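Let's take a walk through this one, starting with the cysteines and moving on to how the helices pack. Have the model open as you read.

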Amino acid sequence: MTSTQARRMRRPVLQAAIDADAKCVQVDPDLFFRADGEPPATWQAQRAEAIRFCHGCPVRTACEELALRDGDGNDRVDDLVRGGRSGHELVALRELQAQRLTAAITADEASDQEWNKLTTLAVKLNCEARRMPTRSGGMPHPAELLRQQNERIAELAAKLAVVRTARRARTGWEVAA
């Protein structure tokens, strides 16, 4: 994965790539974090080892991009390595790319809202489809109740289709495979 590809991805896709292919799951996570009270010389050697380890990872750029979006790193304390970068390097990179990262974070949040809308509509559709229309005094005939329920189901399905179609078009998936 190139850095350009990682920059264009949304947060869930980056996280999924990291979860699936990260090399760091094979080692002790303490390698990437400075322990409390650890001497600077010890941390420098450990940090160098962690950075070397990260550079061989197939999803290093995705990890770096996610670290930038998450705001990892601190300009006052050098205490972690993520995506092959020290905390200080992440801060410097985040400052250089502030405008791009703001746009990416905004797009991630919009994607999350869109996903929430999709799941809410899908749940409503499922609940409506499973509900059995019942008749009580003064209510319309069962056939009329069923017709009304079918209209609600069709309306929810149409709303769901609109959101899905827009999402697919925006992400380049206009045509299903």
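Before we start, a residue is called buried when its relative accessible area is under 20%. Keep in mind, too, that this is a predicted model.

Now for the cysteines. Search the whole structure for disulfides and you come back with zero. Take C54: its closest cysteine sulfur belongs to C63 and sits 6.3 Å off, so the two are too far apart for a bond. A disulfide would need the sulfur atoms within 2.5 Å. C57 is in no disulfide either, with the sulfur of C24, the nearest one, 6.1 Å away. What about their surroundings? C57 has 15% relative accessibility, so it counts as buried. C54 is buried as well, at a relative accessible area of 9%.

Next, swing the view round to helix α4, residues 60-70, and helix α6, residues 98-130. Their axes come within 10 Å of each other and cross at roughly 90 degrees, which means α4 runs roughly perpendicular to α6. On the α4 side, the contact is made by E65, L68 and R69, while α6 brings in R100, L101, A104, I105 and D108. Sort the residues of this contact by character and you get four nonpolar, four charged and no polar ones.

One last stop is the loop between α5 (87-96) and α6, where you'll find Q97. Is Q97 buried or exposed? With a relative accessible area of 14%, Q97 is buried. Setting aside neighbours within four places in sequence, Q97 is in contact with R7 and L68. You've already met L68, as one of the α4 residues in the contact with α6.

Methods: Residues are numbered from 1 along each chain as its sequence is written. This is a predicted model: local features need pLDDT of at least 70, side-chain atom pairs count only at pLDDT 80 or more; totals for chains, interfaces and linings use all residues. Side-chain values use heavy atoms; hydrogens and water are left out. Buried means under 20% relative accessible area, exposed over 50%, partly exposed in between (1.4 Å probe, protein chains only). Axes are lines fitted to C-alpha atoms, for helices over the stretch in contact, and angles run from 0 to 180 degrees between N-to-C directions. Helices (H or I, at least four residues) and strands (E, at least two) are DSSP runs, numbered from the N terminus. Angles under 35 degrees count as roughly parallel, over 145 as roughly antiparallel, 65 to 115 as roughly perpendicular and the rest as oblique. Contact means heavy atoms within 4.5 Å. Ala, Val, Leu, Ile, Met, Phe, Trp, Tyr, Cys and Pro count as nonpolar, Asp, Glu, Lys and Arg as charged, and the others, Gly among them, as polar.
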